[in-house]
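Here are some exercises to work through with the model open in your viewer. Try each task before you read its solution.

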Amino acid sequence: MGRLAGKVAFITGAARGQGRAHAVRLADEGADIVAIDLAGPLPGVPYDSPTRADLDETTRLVEQKGRRIIAEKADVRDLEGMRGILDRAVVELGGLDIVVANAGICIPTTWDQSTPAVFRDHMDINVTGVWNTIMISAPHLIERGGGSIILISSYAGKKIQPFMVHYTTSKHAVTGMTRAFAAELGQHSIRVNSVHPGAVNTPMGSGDMQGALQRAAASNPRLAQMGTPFLSQYIAQPEEIAAAVAFLASDDASFITAEHLSIDGGAQYF
Ligand SMILES: NC(=O)c1ccc[n+]([C@@H]2O[C@H](COP(=O)([O-])OP(=O)(O)OC[C@H]3O[C@@H](n4cnc5c(N)ncnc54)[C@H](O)[C@@H]3O)[C@@H](O)[C@H]2O)c1
């Protein structure tokens, strides 16, 4: 029996990358999955956008683990749209135990090249989207008598990510939101923790992402080495983040809440 046998997990941004890895790992440990993703054009990003086919691939991989999955296109900015999907899925799957608020965007640009739209999109998706995810999920966890909520922040939510004032701001908000929700939901036996990856090998690094990072870094080379890991490995695989998420979701982390777990090879201290 897996650590998460009989559990149901809701994961946002699950079409690909880390969200897919979380879905597959939690399913491998016995959980049924509710997966949502925009699975369409992302606003203003320099990397490739995901498609419905990506979400279908997540479905295939979870079913390959022998678990059930309900996967729908949805936008974390749309509170009521997400609520409708989750409420129906909870009826079908019998409850909700685990929430992984993973959906996010990231646009590198120096402070003076940024725009109101870039700042607003990061707040709408990376902050309000996470709040929306918890607001529709927490009532189900309370009804279940407890649960685990995991918010995907970033290295940028503990230290800073140069050339991303908007992203850094949004991920620090997620760190604060973790503590604030943990305080109020603790009386319902709901644990709330955040995860802070350094660089991760996902499609977020595709398209012109490396070019955008390099152009921004050229404006201030002093900052370019910030966030180098202590370990010789430079970048994490999504499965390394999923292993930490599975731990926090499980009873192995039963007395851990309001914690901020880095998986960055030490980069936050460089
Ligand atoms: N890749 C990295 O180096 C890295 C490092 C630290 C933190 N993160 C964070 O990890 C999380 C996952 O990122 P990833 O690397 O897997 O990137 P990714 O782009 O591969 O995956 C993110 C997913 O979120 C979805 N998404 C974006 N906006 C959405 C919206 N409005 N509604 C629903 N879904 C939406 C995307 O469609 C995509 O499938 C993000 O929150 C990101 O900020 C990434």
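## Exercise 1: A short salt bridge

The side chains of Asp75 and Arg77 come together in a salt bridge, with 2.8 Å from N to O. Keep in mind that this model is predicted.

**Task.** Work out whether Asp75 and Arg77 are buried, partly exposed or exposed.

**Solution.**
- Start with the cut-offs: buried means under 20% relative accessible area, exposed means over 50%, and partly exposed sits in between.
- Asp75 has a relative accessible area of 21%, so it is partly exposed.
- Arg77 comes in at 33%, so it counts as partly exposed too.

## Exercise 2: More charged pairs

Opposite charges on side chains can pair when the charged atoms come close.

**Task.** How many salt bridges does the structure hold? Then take the pairs Arg68 and Asp32 and Arg215 and Asp208, and describe the setting of each.

**Solution.**
- The total for the structure is 12 salt bridges.
- Arg68 and Asp32 meet through their side chains at 3.2 Å, N to O.
- This pair links distant parts of the chain: Arg68 is in the loop between α2 (52-64) and β3 (69-73), Asp32 is in strand β2 (residues 32-37), and they are 36 residues apart.
- Now check accessibility. Arg68 has 44%, so it is partly exposed, while Asp32 has 5%, so it is buried.
- Arg215 and Asp208 form their salt bridge at 2.6 Å, N to O.
- With 52% relative accessibility, Arg215 counts as exposed; Asp208, at 35%, counts as partly exposed.
- Salt bridges can also be joined up: Arg3, Arg25, Glu29 and Asp252 are linked in a network of them.

## Exercise 3: Reading a pocket lining

**Task.** Which residues line the second largest pocket, and how do they divide into nonpolar, polar and charged?

**Solution.**
- Get the space first: the second largest pocket holds about 210 Å³.
- Next, list the lining: Lys7, Asp97, Ile98, Gly146, Gly147, Ser148, Ser189, Arg191, Ala249, Asp251 and Ser254.
- Then sort the lining residues, remembering that Gly is counted as polar.
- You should end up with two nonpolar, five polar and four charged residues.

## Exercise 4: Positive phi without glycine

**Task.** Where do Phe163 and Ala258 sit, and what are their phi values?

**Solution.**
- Phe163 isn't a glycine, yet its phi is positive, at about 65°.
- Look for Phe163 in the loop between β5 (147-152) and α5 (165-185).
- The relative accessible area of Phe163 is 15%, so this residue is buried.
- Ala258 also has a positive phi, near 60°, in a residue other than glycine.
- You'll find Ala258 in the loop between α7 (238-249) and β7.
- At 30% relative accessibility, Ala258 counts as partly exposed.
- To place Ala258 in space, use Ile150: the two are 108 residues apart in sequence and 10.0 Å apart, C-alpha to C-alpha.

## Exercise 5: Inside the helices

**Task.** Are Thr133 and Ala246 buried or exposed? Find a residue that helps you place each one in space.

**Solution.**
- Thr133 belongs to helix α4 (residues 116-144).
- Its relative accessible area is 0%, so Thr133 is buried.
- Thr133 and Ile149 are 16 residues apart along the chain, and their C-alpha atoms are separated by 9.9 Å.
- Ala246 is in helix α7, and at 0% relative accessibility Ala246 counts as buried.
- Ala23 is a handy partner here: Ala246 and Ala23 are 223 residues apart in sequence but 9.7 Å apart in space, C-alpha to C-alpha.

## Exercise 6: A nonpolar surface patch

**Task.** Which residues form the nonpolar patch with about 400 Å² of accessible area?

**Solution.**
- Select Phe230, Tyr269 and Phe270, which form a nonpolar patch on the surface.
- Together, these residues have about 400 Å² of accessible area.
- Now focus on Phe270, which is in the segment after β7 (260-263).
- Patch residues need over 30% relative accessible area.
- Phe270 has 45%, so it is partly exposed.

Note on methods: Residues numbered from 1 in each chain as written. Predicted model: local features only at pLDDT ≥ 70, side-chain atom pairs only at ≥ 80, totals over all residues. Heavy atoms only, no water. 1 Å grid on protein atoms, 1.4 Å probe; cavity = no way out; pocket = protein on both sides within 12 Å on 5 of 7 lines; lining within 4 Å. Points joined across faces, edges and corners; volume = space filled by probe spheres on them. Patch = residues over 30% accessible without salt bridge, like charges linked within 9 Å, V, L, I, M, F, W, Y side chains within 5 Å. Areas by Shrake-Rupley, 256 points an atom, 1.4 Å probe, with all protein chains shown as cover. Salt bridge = Lys/Arg side-chain N within 4 Å of Asp/Glu carboxyl O. Helix = DSSP H or I, 4+ residues; strand = E, 2+ residues; numbered from the N terminus. Buried < 20%, exposed > 50% of the residue type's maximum accessible area, 1.4 Å probe, protein only.
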